[in-house]
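Biologist: Please take a close look at a single part of this structure and work outwards from there. I would like the terms explained as they come up.

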Amino acid sequence: MYKLYPYLDASPQIDETAYIADFAVITGDVTIGKESSIWFHTVIRGDVAPTIIGNRVNIQDQSLIHQSPNNPMIIEDDVTVGHQCTLHSAIVRKNALIGMGSIVLDGAEIGEGAFIGAGSLVPPGKKIPPNSLAFGRPAKVVRELTEEDKLDMARIRREYVEKGQFYKSIQK
């Protein structure tokens, strides 16, 4: 079973349609929207500043989300966060995808529909433009996304909503 913990006067606020997998831990000032999914062994700590997760967001296995003082973590609607990612006090705009093993640091902003390649490091304050592919350590824009890229990102989002709702239906 997953664990929810209050921190001081804040408790996680999770939409009833969201799926939270076993062994996930969510603490403090965290809001999770409709049909979002938080996967196995993910940790989301809202004990420094708020974390706001929109609708139909998937945060995949073993990811970590946290903040710095007065610097919330914001993930807009329809975002995919791959396995083992660390997101810290950043903004991820709608329809973006953060590839597995990536790190996004304080004050970074991932533009709408952007794709951060697996294993990338987005340094503090870095702005990734909308609909672009950024890759590397540090992440650099390498090209605009193709229609094929955008369709694949939409497929992943759709499949994670479906998987989350399936697992929610069998969760005891």
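Modeller: Leaving aside neighbours within four places in sequence, Thr80 is in contact with Asn58, Gln60, Ala96, Leu97, Ile98, Ile156 and Arg157. Contact here means heavy atoms within 4.5 Å. The model is a predicted one: local features need pLDDT of at least 70, side-chain atom pairs count only at pLDDT 80 or more, and totals for chains, interfaces and linings use all residues. Residues are numbered from 1 along each chain as its sequence is written, and side-chain values use heavy atoms, with hydrogens and water left out.

Thr80 counts as buried because its relative accessibility is 3%. The cut-offs are under 20% relative accessible area for buried, over 50% for exposed, and partly exposed in between, with a 1.4 Å probe and protein chains only. Thr80 is found in strand β10. Strands (E, at least two residues) and helices (H or I, at least four residues) are DSSP runs, numbered from the N terminus.

One of the contacts, Asn58, stands opposite Thr80. The strands β7 (residues 58-59) and β10 (residues 80-81) run parallel and are joined by two bridges. Two strands are said to pair if DSSP finds at least two bridges between them.

Both strands belong to an open sheet of eight strands with mixed pairing, in the order β3-β5-β7-β10-β13-β16-β19-β20. Its edge strands, β3 (19-20) and β20, each pair on one side only. Towards the β20 end, β16 (residues 115-116) pairs with β19 in the parallel sense over two bridges, and Ile116 has Ala134 as its bridge partner in β19. Strand β19 (residues 132-136) has four of its five residues buried. Strand β20 (residues 139-144) runs antiparallel to β19, joined to it by five bridges; Ser132 stands opposite Glu144 there. The two strands form a hairpin with two residues between them.

Two other contacts of Thr80 are Ile156 and Arg157, and both are among the buried residues of helix α1, which also include Asp149, Met153 and Tyr160. Helix α1 (residues 147-170) has 24 residues and reaches 35 Å from its first C-alpha to its last, close to the 34 Å expected at 1.5 Å a residue. The expected span is 1.5 Å times one less than the number of residues.

Salt bridges come next. A salt bridge is a side-chain nitrogen of Lys or Arg within 4 Å of a carboxyl oxygen of Asp or Glu, and the structure holds eight. In one of them, the side chains of Arg56 and Asp78 meet at 2.7 Å, N to O. Arg56 lies in the loop between β6 (43-53) and β7, and Asp78 in the loop between β9 (73-75) and β10, so the pair ties together parts that are 22 residues apart in sequence. Arg56 counts as partly exposed at 27% relative accessibility, whereas Asp78, at 17%, counts as buried.

Another salt bridge joins Arg93 to Glu76, with the closest N and O atoms 2.6 Å apart. Arg93 is in the loop between β12 (91-92) and β13 (97-98), and Glu76 is in the loop between β9 and β10, so this pair ties together parts that are 17 residues apart in sequence.

A further salt bridge links the side chains of Arg143 and Asp149 (2.6 Å, N to O). Salt bridges that share partners also join Glu76, Arg93 and Glu109 into one network.
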